[in-house]
Amino acid sequence: MLDTKGKEQLYDKLIRIFNSTVCFCLAYALITFGGFFSMALIGKFFKFDANIFYFGIRFMLNGHKWSRLKVSLIFSAYPVFALLLGLAMLYIFDRIKRKPALLNVFLVWCFVIGSCFFVAQGLIASFGANEFNSPFYQNFAVVFEWWFLPPPFVYAFNIFFALLLLYFSINSPKMFLSFSYSFSKVNKSSRRRQYFIETAVVPFLLGAVATTALTFPMNIFVHSIYLLVIGVSLLVSWIALFYLEILKDDVLKYKVLQTPGFVMAFMLALLVIFIKVYWRGIFIS
């Protein structure tokens, strides 16, 4: 049986996991929807109508034709939006991180997910190269095809994406550790890894189940690639914790993470309702 202190620690851990999971799901949905909306807006510039779904987008050409320029801009929009949004959220986090708020956890997840969505395009393009009927024939795979890049060149792009993932993954775990409400939680290597698992890894696993259940079976193959890349990123981050040092001043003492984030949870509930109501798509004309 747990004593009073043990129960309090367990409660704090569960609330921290819950809050981070909600932030993960919100960030994942925001980037997913935002990417498709960015494609639709650029398509509208070329006088294409679009039907936006949570799991994809369908264009209506209205008598117009595709061109290399149109394809490049429209189908690059999703991954570029994900990366730029992630970097923008990282910048905002860096400016306001001293103000303890659950919003900052959401900002960090936006950066992690956005950068991983961009990096995942290498694998997606490799699987979708010259495969017009493949579920992976999306985004950069379409662009590379219109530029007549042979598969070996497409595969070679994964070197760049892998290096980018390595850079982001090594430098991101410190942000999760900064949310600790006490330096004693992260002052040793074993404690840092444990805190990272509770604040990042477990919420990712729970969020992966939740987002998969919400979208299944639509776009499940690309969705699986996104989750795989995020998982690899977190694994690299966890390994990096063996060598990472964190100072007392780096800990922001986020006691708010141990308090249920009802506002974030309510926003997530509204988003789920929105997705279900507009499951047949949002028409942009």
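I began with β3 and looked up the bridge partner of A50 in that strand, which is I284. I note here that I am reading a predicted model.

From that pair I moved to the strands themselves and found that β1, residues 49-53, and β3 run antiparallel and are joined by 3 bridges. I then traced the whole sheet, which is open, has 3 strands in the order β2-β1-β3, and shows antiparallel pairing. Its edge strands are β2 (56-60) and β3 (282-284), each of which pairs on one side only. For the twist I recorded that neighbouring strands of this sheet are turned by 20 degrees against each other on average, with direction ignored.

Next I turned to the nonpolar interior, where the largest nonpolar core has 90 residues, and where Y28, F106, W109, I113, F117, F179 and I230 are the ones with the most contacts inside the core. Helix α3, spanning residues 102-128, gives the most to this core, contributing 17 residues. I picked F117 for a closer look and, leaving aside its neighbours within four places in sequence, listed its contacts as Y28, I31, T32, Y78, A82, Y226 and I230.

My last entry concerns R16, which I located in helix α1, residues 4-45. Is R16 buried or exposed? I class R16 as buried because its relative accessible area is 2%, where the cut-off for buried is under 20%. Not counting residues up to four places away in sequence, I found that R16 touches Y181, Y195, E198, T199, L257 and Q258.

Key. Residues numbered from 1 in each chain as written. Predicted model: local features only at pLDDT ≥ 70, side-chain atom pairs only at ≥ 80, totals over all residues. Heavy atoms only, no water. Pairing = 2+ DSSP bridges. Helix = DSSP H or I, 4+ residues; strand = E, 2+ residues; numbered from the N terminus. Axes fitted to C-alpha atoms, helices over the stretch in contact; angles between N-to-C directions. Core = buried A, V, L, I, M, F, W, Y, C linked by side-chain atoms within 4.5 Å. Buried < 20%, exposed > 50% of the residue type's maximum accessible area, 1.4 Å probe, protein only. Contact = heavy atoms within 4.5 Å.
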